[in-house]
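Please look through the sequence and the model below before reading on. The paragraphs that follow are meant to be read with the coordinates open.

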Amino acid sequence: MPTNVSPEFSKAQSKYLEAKTDEERLGALKEMIKFMPQHKGAEALRANIRQRFKKLRQYLEKKERQKKIRKKEGIKKQGIQVVLCGLTNSGKSSLLSILTNAKPLIAEYEFTTKKPILGALNYQGLLFQIIDMPAINHENFEQGLANTADILLVVITKPEELEETLPFLEKSIGKKIVVINKIDLLSQEEKRKFEARIKTKRFPCCLVSCKTSEGLENLKSILFENSEVIRVYTKEPGKAVDKTPIIMPANSTIGQLAEKIFKKGIKIKEVRITGPSSKFPNQKVGLKHQLKDKDVVEFYTN
Ligand SMILES: Nc1nc2c(ncn2[C@@H]2O[C@H](COP(=O)(O)OP(=O)(O)O)[C@@H](O)[C@H]2O)c(=O)[nH]1
Ligand SMILES: [Mg+2]
């Protein structure tokens with residue numbers, strides 16, 4: 001090691017040797033680079049320090065990315081999880097802000113959204129967790145979330161965007177709904193053709209404008225229809241129907257409902273049902289009876 005180094009360099013070098021964290025080490029290396037001896041004999045030293053700095057920085061960046069991913073994976077699923085997917089500027093953040101209480105950044109420049117942002121939508125007794133995502137071709141697009149969400153809202157403004165977006169969603173298990181946004185910019189004829197083209201691909205589809213709010217109520221009801229859950233109302237004998245529905249997966253049975261609402265060991269003597277799944281009001285049914293949306297169920301227990 002050459003001895004003719006500046007006092008600043010020596011100080012930075014001590015800092016490096018005494019550093020307790022990688023971050024401190026990186027800071028010290030940066031200072032060492034700043035005060036590196038410039039004479040010819042120190043060439044190898046300079047290269048060595050630069051190399052160490054580069055390696056450590058790469059390592060720390062990778063660690064940071066992993067930390068972020070872990071944090072993102074920590075999004076707790078609540079209600080029915082809906083992810084907004086699409087190219088940049090299609091209006092995903094606008095949709096989130098108009099459907100929920102969330103306040104994402106919205107702008108006409110590209111890639112405004114850098115991480116997933118959550119919002120909650122309560123509709124017809126159902127809770128939707130809506131997640132605004134970076135554009136599908138952005139490095140921060142969260143494949144994992146897109147793969148596991150219950151519903152994907154594919155937000156597009158031109159028919160070709162659907163073909164561009166779908167390859168990123170090949171592994172998704174959720175139901176895909178195509179949202180054609182910015183219809184305030186389209187003529188009646190353009191809207192009709194656009195919708196017809198998407199429908200040939202057999203996707204549920206709806207036309208909206210975040211600018212005029214047109215089509216948003218329709219979007220909510222399409223979300224509801226595709227959520228594959230049912231609302232079941234319960235009633236204690238002799239009392240009024242409970243106003244808050246119990247949300248169950250579609251095709252649930254009376255037995256599964258009972259499991260959800262009663263403690264283990266409670267004996268069910270009789271079940272009566274009124275609603276879409278009953279042949280007549282107050283029909284007596286067994287535990288294997290399959291429920292439908294808006295059924296009213298009366299349990300007689302001990
Ligand atoms: N005319 C019109 N502009 C919209 C509509 N929705 C969003 N925008 C605009 O499109 C741009 C991109 O919106 P943003 O929500 O940030 O898109 P994201 O990149 O998909 O999140 C912004 O300038 C919005 O104001 C719409 O329905 N009509
Ligand atoms: Mg955005």
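What follows moves from the whole chain to its cysteines and then to a single strand residue.

The model is a predicted one, and its protein chain is assigned nine helices and eleven strands. Taken along the principal axes, the C-alpha atoms of the protein chain fill a box of roughly 100 × 60 × 30 Å. The radius of gyration agrees poorly with that of a compact globule: the protein chain has 29 Å, whereas a compact globule of 302 residues would have a value near 19 Å.

With the overall dimensions in mind, one can turn to burial and contacts. Of the 302 residues in the protein chain, 43% are buried. Among the contacts with a separation of 6 or more, 59% are accounted for by residues 24 or more positions apart. The surface that the protein chain exposes comes to about 17,900 Å², and carbon and sulfur atoms supply 52% of this area. As for charge, the protein chain carries 56 positive and 36 negative side chains, and the centres of these two sets lie 5 Å apart.

The cysteines deserve a separate look. How many disulfides does the structure hold? It holds zero disulfides. Cys85 is in no disulfide, since the nearest cysteine sulfur, that of Cys206, is 14 Å away, and a disulfide requires a pair of cysteine sulfur atoms within 2.5 Å. Cys206 is likewise in no disulfide, and here the nearest cysteine sulfur belongs to Cys205, at 6.6 Å, which again has to be set against the limit of 2.5 Å. Is Cys85 buried or exposed? Cys85 counts as buried because its relative accessibility is 1%, a value to be read against the cut-off of under 20%. Cys206 also counts as buried because its relative accessibility is 1%.

A single residue can serve to connect the sequence with the fold. Ala120 lies in strand 2, which covers residues 117-123, and this alanine is partly exposed, with a relative accessible area of 35%. That value falls between the limits of 20% for buried and 50% for exposed, so the residue belongs to the partly exposed class. Which residues does Ala120 touch, if those up to four places away in sequence are not counted? Ala120 touches Leu99, Thr100 and Asn101, and also Leu127 and Phe128. Phe35, by contrast, is 85 residues from Ala120 in sequence, and the two C-alpha atoms are 53 Å apart in space.

Notes
Residues numbered from 1 in each chain as written. Chains lettered and ligands numbered in written order. Predicted model: local features only at pLDDT ≥ 70, side-chain atom pairs only at ≥ 80, totals over all residues. Heavy atoms only, no water. Helix = DSSP H or I, 4+ residues; strand = E, 2+ residues; numbered from the N terminus. Rg over C-alpha atoms; globule rule 2.2 N^0.38 Å. Buried < 20%, exposed > 50% of the residue type's maximum accessible area, 1.4 Å probe, protein only. Contact = heavy atoms within 4.5 Å. Areas by Shrake-Rupley, 256 points an atom, 1.4 Å probe, with all protein chains shown as cover. Lys, Arg positive; Asp, Glu negative; His and termini not counted. Charge placed at Lys NZ, Arg CZ, Asp CG, Glu CD.
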